[in-house]
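Please open the structure in a viewer and keep the sequence panel visible. The tour proceeds by selections, each followed by a short account of what is to be found there.

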Amino acid sequence: MPKFFVQSGTFQSTVEAESTRKAALWAVHQAMRQILPVDDHDDASPEVKTETASTEGVSVLGHDMRISRNGFVGRDVVSLPTIEVVNQWNEMVAALDRLERMLHPGLTAA
């Protein structure tokens, strides 16, 4: 699977993905995990996330996401509007939540 370099605002990450769009979606997921409980395997409590944010800071996304296969300053940069990627990520998370509730009707949001 190809490696992509994703940069937006103060956020930088290297991810493996099938496409630039999927790399951008994964980067948004990584950024959102800093503050939201979006992953069942993320055991960090709000207090731990607050402490981490206080000591290490929080990466902030900018207006555009820049994705490249050749480094953060590669000449092959694809730029996507961050809000567009965040909206698509939100739709994906909402669909996964609906699917989980259909498969496990006894589960409710806390």
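Two strands are said to pair if DSSP finds at least two bridges between them. With that criterion in mind, note that the model is predicted, and begin with the sheet.

**Stop 1: the whole sheet.** Select the strands together. They form an open sheet of four strands in the order E2-E1-E3-E4, with antiparallel pairing. Strand E2 (11–16) and E4 are the edge strands, each pairing on one side only. On average, neighbouring strands of this sheet are turned by 25 degrees against each other, direction ignored.

**Stop 2: E1 and E2.** Select strand E1 (residues 3–8) together with E2. The two pair in the antiparallel sense over six bridges. Phe-5 can serve as a landmark, with Thr-14 as its bridge partner in E2. Now move to the hairpin of E1 and E2, which has two residues between the strands. There Gly-9 takes a positive phi near 55 degrees. Is E1 mostly covered, or mostly open? E1 is mostly covered, five of its six residues being buried.

**Stop 3: from E1 to E3.** Add strand E3 (residues 64–68), which runs antiparallel to E1 and is joined to it by three bridges. Which residue of E3 is the bridge partner of Gln-7? The partner is Arg-66. Beside this pair, Val-6 has Ile-67 as its bridge partner in E3. In a regular strand, side chains alternate between the two faces of the sheet.

**Stop 4: from E3 to E4.** Keep Arg-66 selected and add strand E4 (residues 78–81), which is antiparallel to E3 and joined to it by four bridges. Arg-66 has a bridge partner in E4 as well, namely Ser-79. Asp-64, in turn, has Pro-81 as its bridge partner in E4.

**Stop 5: the helices across the sheet.** Select helix H1 (residues 20–33), which lies across E1, E2, E3 and E4 and runs at about 125 degrees to E2. Then select helix H3 (residues 82–103). H3 lies across E1, E3 and E4, running at about 65 degrees to E4.

**Stop 6: Thr-82.** Select Thr-82, which is found in helix H3. Is this residue buried or exposed? Thr-82 counts as buried because its relative accessibility is 6%, and the cut-off for buried is under 20%. Leaving aside neighbours within four places in sequence, Thr-82 is in contact with Ser-8, Leu-61, Gly-62, His-63, Asp-64 and Met-65. A distance label between the C-alpha atoms of Thr-82 and Met-65 should read 5.5 Å, although the two residues are 17 residues apart along the chain.

**Stop 7: Leu-103 and the surface patch.** Finally, follow H3 to Leu-103, which also belongs to this helix. Leu-103 counts as exposed because its relative accessibility is 58%, and exposed means over 50%. Extend the selection to Met-92, Leu-96, Leu-99 and Met-102, which together with Leu-103 make a nonpolar surface patch of about 530 Å².

How values were computed. Residues are numbered from 1 along each chain as its sequence is written. This is a predicted model: local features need pLDDT of at least 70, side-chain atom pairs count only at pLDDT 80 or more; totals for chains, interfaces and linings use all residues. Side-chain values use heavy atoms; hydrogens and water are left out. Patches are made of residues with over 30% relative accessible area and no salt bridge: like charges are joined within 9 Å, nonpolar side chains (Val, Leu, Ile, Met, Phe, Trp, Tyr) within 5 Å. Accessible areas come from the Shrake-Rupley method with a 1.4 Å probe; for residues, only the protein chains shown count as cover. A salt bridge is a side-chain nitrogen of Lys or Arg within 4 Å of a carboxyl oxygen of Asp or Glu. Buried means under 20% relative accessible area, exposed over 50%, partly exposed in between (1.4 Å probe, protein chains only). Axes are lines fitted to C-alpha atoms, for helices over the stretch in contact, and angles run from 0 to 180 degrees between N-to-C directions. Contact means heavy atoms within 4.5 Å.
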